[in-house]
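Reader: Could you take one part of this model and go through it closely, with the geometry spelled out? I would like a single connected account rather than a list.

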Amino acid sequence: MGRLLQNRVRPTALAGTTCHWRFVLSLAWFLIGGLPAAVGAGEAPKEGVDATYTHRIRPILQKYCFACHGGTKPKGDLRLDTLVPDFRTSKTATTWKEVRDRVAGQTADAMPPKEKPQPSAEEVKALRDWIGTGLTAAAAADAASQAAEGRAQMRRLNRVEHNNTLRDLLGISVDLKPLLPEDEAIAGFDNVGAGLQITRIHHERYLEAAEAALNAAIVQGAQPKSIKARLTYQKADYPPRRLVKDDTWAFFISAPAEVRQFRPTAGGRYRIRVSAYAYQNQGRPMVMHVSAGDPAAPDEKYFAVAADKPTVVELTARVSPRNSIQIAPYGLGLIYIRDLANYQGPGLAVEWVEVEGPLWDSWPPESYQRLLGKLDLKKASLTDAEQVLRDFVPRAFRRPVPDAKVNKYIEFLRGKVANGSSSVEEALRQALMAVLCAPDFLLLYETPGPLNDFALAARLSYFLWRSMPDQPLLDLAAQKKLRSPEELRRQVERLLQDPRAAAFAENFLGQWLGLRQIDATTPDRVLYPEFDNYLKYSMLKEPQLFFEEMLKNDLKIQCLIDSDFSMLNDRLARHYGIEGALGPEFRKVKLPSDCRRGGVLTMAAVLKITANGTVTSPVLRGAWVLNNIMGQPLQLPSDLTVPAVEPDIRGAVNIRDQLAKHRTVAQCASCHQKIDPPGFALENFDPIGGYRTKYRALGKYPKANVKIYDKPVMYSDGLAVEAGDIMPNGKRFKDSDEFKKLLLEDSGPFIRTLAEKLVVYATGNPVRPSDRAAVDGILQRVRDKNDGLRTLVHELVQSELFLSK
Amino acid sequence: MPKHSFTRRRFLKTAGVTLALPLLEATAPAAGVGVSALARRRMLAILYPLSFLPANFFPEQAGPDYALTRYLKFLEPFRRDFTVFSGLSHPRVAQSHYESENVFLTGCPVAGTIGAAAAYRNTVSLDQLAAAHIGSQTRFPTLNVGNLSFLPSGGRVPGMTKPSEFFAKLFLSGNEQQKQAHKRRLQNGQSILDLVGDQARDLKRGLPPRDGDKVEEYFSSLRDAEKRLSTMLEWEDRPKPKPDGPAPQDVSQRDKPFEYLRLTYDLIVLALRHDSSRLITVHAGFMGTYPIFNGSTIDYHNLSHHGKLPENLDKLSRLEDESMTAFAHLMTKLSETKEEGEPLLNRTMVLLGSNLGNSNTHETTNLPILLAGGGFKHGQHLAFSRENNTPLCNLYVSMLQRLGLEISSFGSSKGTLKGLEVAST
C-alpha cells in the first residue's frame, strides 16, 4: 500500500543534512529500482511492487474499469490496466489523481457511468485512500529532492532576457534578438530551464551577438554629423496627392506615403516631427499614422490631427541607414480617385516633416563611457584594459566575482597582447566578448535553499523587467538588506514603477494570453474587410494597458474575468460599438451596462488569437479557456478516432450541429461536454473579436447590407449564432455575460490558475504538486487582503517559492 | 582543478577529431564512421506546409499504371523518376501547424490537437542525423532554408530566409582583406570558446546534478561549436566556387511565394552542382503569404481552410498548381544538370511532402508524399492503408540507408519502406 512508499522516503529527515543531493540521488536510484520501470502491453504490473495494489486495488479496477479502460482501444484514450502504480512521475500521478476525482464523484462526468455497475462505498474508499496516500508520499519525496536541489533547474537567459541584459549592461539600443534561435516554451513560458536548451548554434550566435553588442557600445572617433532638416513632400503619382498650398500636399487614400527626401546615412535615434491637418473633412479631426525604421518592426504611432489647422506631432524612432519615414491618413481606404484635381473627399494635408538625428545624449555616447569611462581605447595600455575588465566582469555576472575568476580573463587579455596576435584594443574586445559568452553571464546562478541576496536581486529583476538587476538592487544585495520583507516590498514597488516594467505585461500576457501569436493568422479580407493595422495595433494594447492599470491600482483580480471598464482608443471603441469621440490615445473608459466587453475573455486580441483568419471554433476557444482561465488543462487524446470537424463556410452548416456528432459519441462526450461550453460562451464573437449575431458566410446568398469605405461588402449574412450552453455541473448560461457571472460565482480556480502561471513566470520552473501548500498560502494571504493584482505580485515575491531556489 | 597547459582544442586536434578535407574531386569518398563507400549521394527534403487537396494529389490506382492526377500531371516528363505514396504519416502528431511542421523530418510524437499541442522535446531531423555521418565532406554539412531542421538535442537550426543570403553563403568570400578578417574572427572565436569552456568546467563543480546537467549541456554544445569553427577555418583556405551569375535580387516571400521558391530551387541546384552541401532542407513557408492571384489577393493559409466553398477550392487548386509548377522546374533542372555524365537527380533524393494530410480538417494522417531521384526504382504509386497508416519514418530509413548510413531505425520506423527498391545499375 501507500505505506510502502512512505517507508521508503522520510523526506523531512533529509532536509538539513549536508550534501543532500548525493543522498537524494542514491535514494532516487533506490526508488527507480524498487518500482517497475514500465509495464509491457497488456501485462499486469509485477507482483511484490505494492501488495495493496495487487490484492485490493487492481481487483476493483478490474471489476469496474478495465472493460472500457483496458486493452488496445481504451475509451477516452485512458488505459488503466497498464497504468503503473507510480505517483512520482507527473504523468502517471495526474492520471491517478483523475481516477480518484472521477470515481464516484458527483459531477456529470463521474465514473463509472451511471448505467454501469457501481463500486461499493468501501471499494471507493479503498481506492481513494490508496491513491491519496500515494500522492502524498510522492509529494513528500518531491519536496525532499527540492530541498536538496531546489525546485528550479539552473537555466540560461532566454533571448528576450539576453537582449535586455545587454541593453542595460552596455546602454545600447540595438535589437539582438533576431540573432538568436527562438526559445521553446515549457508550461506555457519561455523562461523555464527544461525548455532553454543550449546548442552549438547558441554558442555561434552568442559570439555574434557579443560582437554586435560591443560594436554598438564602443563608438569611437569624432561625433558623426547629425542632421536637422525640414522636409516636404514632392510631386509623385502614388499615393495620389494634390498640392493644396506652398509645399503642402494632401493625400486622399490610406496608402503610406514615403518621405522621399529622408535618406539617413547614419543609424540611430531620430526625432521626427510632422505638421499636418485634416483636409476637406467637414471640420472633423482625422487620425494619422506615422512610422519609421525597420520595415519589419517599425516604430509607429497613431495621432489625431485637427481639421484645417496644422497639428504638430512627434515620434522618436530607431532608424538604420536607408530606412524610411512613412505617413498615411487613417480610414480613407484604398479607393480609386478618378478626378484628383477636383476631388472633394477627405484627405490628410502634410505641411512639413522635420527630422533630427541621430540623437546623442553625449559624446562619446553613454554606452562608451559606461564601459570605458574616459579611456581612449586607441591609446589604452594593458593596465587600462585590465582595469576595464576588472570593473566589467562583476557587473556582467551580476554578483561579486572572486579575483581568481577575473584573472582568467586578464590572463587571456595579457596572452593575446604578449604573443603579438592582437593590439590592446583588439585583445580587450575579445576578452569582453568572452565575458559575454561565459556561462556566468548566460546562466542564472542559484544555489539550493534560500537564494542569496544577489540571486534574489536577479530573480526579482528578471521577473518584473526580464532584465538584469540595476545598481540599487545590487547595492542592497551587497549590504545583505534585500531579503527583509519591507525592503522586498519597497523594491517591487520601485521596479514596477520603472519603464522597464513594461516587459512584465508584454511578456507575461504575451504568453499567458498568447498575445505573441497575434500575427499567426491574417483575417480573411473578404470576410473581415474592416480589419486593419490600426485595429490590430489597438487590440494588442488593450490587454497590456488593462493589466498595467490593474497593477497600478491594485484592482481585484476578478476584473480579469469581468470589469466595468476597459482601456480603449477610438478604433477599439468603434470596433466594440461604444459611442463617444475618443482619439488614438488610450484611456480608461467606463463600459455601458449593455456592453458585452469587460475582462480579458471578450477582448478583441484574445478572441483573435483563439480563432484562425476565417472561422472560430468553440472547441479551440473552449480548450483555451479551460487551460488558461479555468485551470483545467486537457489531457489530450493522442489518438483521435473521430476526425476533426471540417470547417464549412458555405453558410448552410451550423457548428453546433457539427459538434453534436462529437457530443453523442461516448468516447468524445466526456471531454467535449467540458470543452465546448466555454467555447460556446464566446460564440457571439467573430475571428477579429467583433460582436455578431449571425455568422458571415461566402456563397450564393444576397450580400450583407454593410458598406466599408463606401464599398458594399462581399460577404453574406449566414446562419444565426446560438451562444450559450450547459456547464458539466448542469448550470446554464445564455451568453458571455452569464458565463462570466458563473465564473465569478467561484473565482478561486481562476485566481489559482493566474497565480500558478505567475509562479512559472517568476521562478522559471513549472508548478509541481509539492508547491501546492505554498500556492495555497499565497492565495490565502491575497484573499485576506483585497484580492488585488499587485497584492498577488507582492505575496508571490514574499513566498518561499520565490525566495528559494 | 589544475590549470590546463593543454587546451581542449589542442586536445581535439591531437586526438584526430579535426576533420580531413575532402579531395578536390571527391570521387573517392572520405570514409566516415558507419558510412559505406559511396559515390556522392545527396538528399533534398522539401516541406509544403499547407498540404495538397487530396483528390488532386493522390492517384486512385496503386502500382505502376496509375492515372496521373491533376498535380502529378505537372511531373509527367519525370513519371519514371518518382514514386508517389499514400497512407504514410507520423503516428501521434498533434493536428497543429507549428508542431507538425517541426516534427516533419524528425517523426517525434506530439500529443494534442489543433491549436493545443502538448509540450514535447523534438528529436534529430533526417538531415542533421545524416550530417553527423557525411556532413564533413562538404563546406556546409547541411543547408537549411526556413526552419525544418533540428539538432540531436532537439534544438532548432535557424534556417536562411533570403536568397541573397543563400547566394552569399555559397559563393561570396570578400576580398583578401575581408577573408583574412573573417578567418581571424573564427580564430578569435575559438580562443574565446576555449576560455569560457574552462569557466564552465569550474562552475560545474559543487552543483547539484540537475544543474550540473545544464552546465554540461553548455559544455558539450561548446565542443560542437568548437569543432564546427575548426572545420570552417579549414574550409576558409579553400576558395569558394565561382558564381555562375550575379547575386539574385531578393523577392518578398510574403507577396511572391512561388517566385521565392523558384529562386530558392535555382540556388539549391547550384549548391548541389558545386557540392557545397549534400543535405538540404526547405520549408516553403506558405503561411501568411499572399500570392497575387488574378488581380485579387488571398492569404494562402485562409484559402487552405477552404470550408468546402467551390470558389475557394478552385482558387486553392490553382495555387497548388503553382506549387507543383515550381517543383517541376526543380525537377527539370536536376535532370538537365549533369555530374560525371549522370543527371544530378539520379544522385539526389528529392522528398516533397506535407505535414498535413488535409488542411481543411488539419489531419496529420495520410500525408501527401513524393520521392524523386536518388537511384531508387521509381514510376509507381505505393499505396499503404489509409485507415492504418505506415510510418513515414520507414521511408526515412530507406533514404538514410541510401545516403550510406548503416542504421535500421529512425523515429517511429521499424525498418525500411516495403516496396521501395534501389534501382539496379
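Author: A:Phe189 is buried, and A:Phe508 is buried as well, in what is a predicted model. A pair of aromatic rings is described by the distance of the centres and the angle of the planes. Counted over all chains, there are 40 aromatic pairs. A:Phe189 and A:Phe508 form one that is stacked, with 5.7 Å from centre to centre and 5° between the planes; the label follows because planes under 30 degrees apart count as stacked. This pair links distant parts of the chain, since A:Phe189 belongs to the loop between helix H7 (159-170) and helix H8 (200-217) of chain A, whereas A:Phe508 belongs to helix H17 (residues 502-512) of chain A, 319 residues apart.

The two rings are also members of a cluster, in which ring pairs link A:Phe189, A:Phe463, A:Phe504, A:Phe508, A:Trp512, A:Phe547, A:Phe750, A:Tyr761 and A:Phe802. One of these members, A:Phe463, leads to helix H14 of chain A, where it is listed among the buried residues together with, for example, A:Phe454, A:Arg459 and A:Tyr462. H14(A) is in fact mostly covered, with twelve of its twelve residues buried. The length of helix H14 (residues 453-464) of chain A can be checked as well: at 1.5 Å a residue its twelve residues should span 16 Å, and because the end C-alpha atoms are 17 Å apart, the model agrees with that expectation.

Both ends of this helix have something to add. At the N-terminal end, A:Asn452 acts as a cap, with a side-chain oxygen 2.9 Å from the backbone nitrogen of A:Phe454. Beyond the other end, H14(A) is followed by A:Arg466, whose phi is positive, near 50°. A:Arg466 then brings the account back to the aromatic cluster, for its charged end sits over the ring of A:Tyr761, 4.4 Å from the centre of that ring, and A:Tyr761 is itself one of the cluster members. A second placement of this kind involves A:Lys588, which lies over the face of A:Phe565 at 4.5 Å from the ring centre.

For the wider setting, chain B can be described by its totals. Its secondary structure comes to eleven helices and 16 strands, and buried residues make up 58% of its 425 residues. Of the contacts in chain B between residues at least 6 apart in sequence, 69% join residues at least 24 apart. Chain B exposes about 16,700 Å², of which carbon and sulfur atoms supply 53%.

How values were computed: Residues are numbered from 1 along each chain as its sequence is written. Chains are lettered from A and ligands numbered from 1 in the order in which they are written. This is a predicted model: local features need pLDDT of at least 70, side-chain atom pairs count only at pLDDT 80 or more; totals for chains, interfaces and linings use all residues. Side-chain values use heavy atoms; hydrogens and water are left out. Helices (H or I, at least four residues) and strands (E, at least two) are DSSP runs, numbered from the N terminus. The expected span of a helix is 1.5 Å times one less than its number of residues. Buried means under 20% relative accessible area, exposed over 50%, partly exposed in between (1.4 Å probe, protein chains only). A polar contact is a pair of N or O atoms within 3.5 Å; within protein, one must be able to donate a hydrogen and the other to accept it, and residues adjacent in sequence count only if both atoms are side-chain atoms. Contact means heavy atoms within 4.5 Å. Accessible areas come from the Shrake-Rupley method with a 1.4 Å probe; for residues, only the protein chains shown count as cover. Rings of Phe, Tyr and Trp (its six-membered ring) pair if their centres lie within 6.5 Å; planes under 30 degrees apart count as stacked, over 60 as edge-to-face and the rest as tilted. A charge sits over a ring if NZ of Lys or CZ of Arg is within 6 Å of the ring centre and within 35 degrees of the ring normal.
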